[in-house]
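The exercises below are to be worked with the sequence and the 3D view side by side. Try each task before reading its solution.

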Amino acid sequence: MANCEVENGFPELKNDLILRAARGEVTERAPIWVMRQAGRYLPEFLKLKAENDADFFKMVQTPELACELTLQPIRRFPLDAAIIFSDILVIPQALGMTVQMIPGKGPVFPEPLREPSDIEKLIQEVDLKKTLGYVFQAITLTRNKLEGKVPLIGFTGAPWTLMCYMIEGESSKTFNKARKFLNQHLEVSSKLLQQMTDLIVDYLVLQVRAGAQTIFAKGAHYAIKDLSQIGYDVISLDWTMSAKDARIVAPTVTLQGNLDPACLYSSHEDIVHAVKDMLRKFGTQRYIANLGHGMHPDHEPEKLATFIDTVHNYSETLNERKMPCS
């Protein structure tokens, strides 16, 4: 979690619930934010995109647009954190690769890495402040525009995730090309992964200096025990991991998650039931409520509102039940 000592000049934080939960401090209720909370399920997102005739990466690379999109769900819902509108693939772009966002298909690399010699085409000395300056500008602008309402989350993609995209050239269910490349060119792969690791570390530091207040690890249910022992404050879980098992293998960190996003297609009553069940299993302390992955474009905003309100209200109720009598 980001050190608050770097925050000179930003508005005073009014809601620090998620930061306290991340540190393992006592919270009056469970905080909540959701992955992809700024996105196509919001009509205001689609309206801004149309008005600016903006494709995805134009919005990411325009600090004012990225800031506005980050703020949209905060205006609509009583969320406990904002997450900067950006994308993990800005790192490959900083390395000199072209990435296009194709409607209905997702990110596409016209010239993926297919041979070891292709890696030599990548920029070796990346000036992150210059190439990804728009991200840091968006973070700083958003921190000020939030006026201390909630903390701001930053993020990046992991080295292997990014390498998979760079080799596959698009999203994949199997990542066979990347796994083949790794096994056939182990030394070159190791060098590339280390290069991206170093770049990502610097990128995260610059995000914090720009104003990001926390950064999270997600997915990786197979490595929860290891992740809990290397310094992370928070580990995010997808919906395949049980709360009970996660608490056993990672008892010293805050857990985040893990409602199945498909649950938001259910009725409001079923969502309430599922959220209450999730809160009973995770408890209200050292816990941040979230989805097990991101919002879908066809989710109804009203269903998300039910999720958020239930987390707030029921976690407060659970806390009150545990309070000793005066």
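**Exercise 1: an unusual peptide bond**

Start from N258, which is found in strand β7 (residues 254–259). The model is a predicted one.

Task: Find which residue is joined to N258 by a cis peptide bond, and give omega.

Solution. Step 1: locate strand β7, residues 254–259, and pick out N258. Step 2: look at the bond that joins G257 and N258; this peptide bond is cis, with omega at about -15 degrees. Step 3: set this against the general rule that most peptide bonds are trans.

**Exercise 2: a backbone angle**

Task: State whether phi of E147 is positive or negative, and say where E147 lies.

Solution. Step 1: find the loop between α8 (133–146) and β4; E147 lies there. Step 2: read phi of E147, which is near 55 degrees and hence a positive value, in a residue other than glycine. Step 3: recall that most residues other than glycine have a negative phi.

**Exercise 3: strand order**

Task: Work out the order of the strands in the open sheet that contains β1, β4 and β5, and name the edge strands.

Solution. Step 1: begin with β1 and β4 (residues 152–154), which pair in the parallel sense over two bridges. As a check on the register, A82 stands opposite L152 in β4. Step 2: add the remaining strand to obtain the order β1-β4-β5, an open sheet of three strands with parallel pairing. Step 3: identify the edges as β1 (82–83) and β5 (214–215), since each of them pairs on one side only.

**Exercise 4: two domains**

Task: Describe how domain 1 and domain 2 meet, using area, residues and polar links.

Solution. Step 1: mark the bounds, with domain 1 at 42–219 and domain 2 at 223–320. Eleven residues from domain 1 and twelve residues from domain 2 take part in the contact. Step 2: note that the domain centres, taken over C-alpha atoms, are separated by 24 Å. Step 3: the area buried between the domains is about 950 Å², and carbon and sulfur atoms give 63% of it. Step 4: count the polar links. The rule finds zero salt bridges across this interface, and one residue pair is in polar contact.

**Exercise 5: an annotated feature**

Task: Compare the two spans that UniProt, in an unreviewed entry, gives for "domain: Uroporphyrinogen decarboxylase (URO-D)".

Solution. Step 1: the record places the feature at residues 31–40 and 153–169. Step 2: residues 31–40 are 0% helix and 0% strand, with end C-alpha atoms 23 Å apart. Step 3: residues 153–169 are 59% helix and 12% strand, with end C-alpha atoms 28 Å apart.

How values were computed: Residues numbered from 1 in each chain as written. Predicted model: local features only at pLDDT ≥ 70, side-chain atom pairs only at ≥ 80, totals over all residues. Heavy atoms only, no water. UniProt positions renumbered as here; feature names shortened; annotations may be inferred. Helix = DSSP H or I, 4+ residues; strand = E, 2+ residues; numbered from the N terminus. Pairing = 2+ DSSP bridges. Domains from an automatic or database assignment. Contact = heavy atoms within 4.5 Å. Buried area = accessible area lost by both parts, 1.4 Å probe. Salt bridge = Lys/Arg side-chain N within 4 Å of Asp/Glu carboxyl O. Polar contact = N/O pair within 3.5 Å; in protein donor to acceptor, adjacent residues only side chain to side chain.
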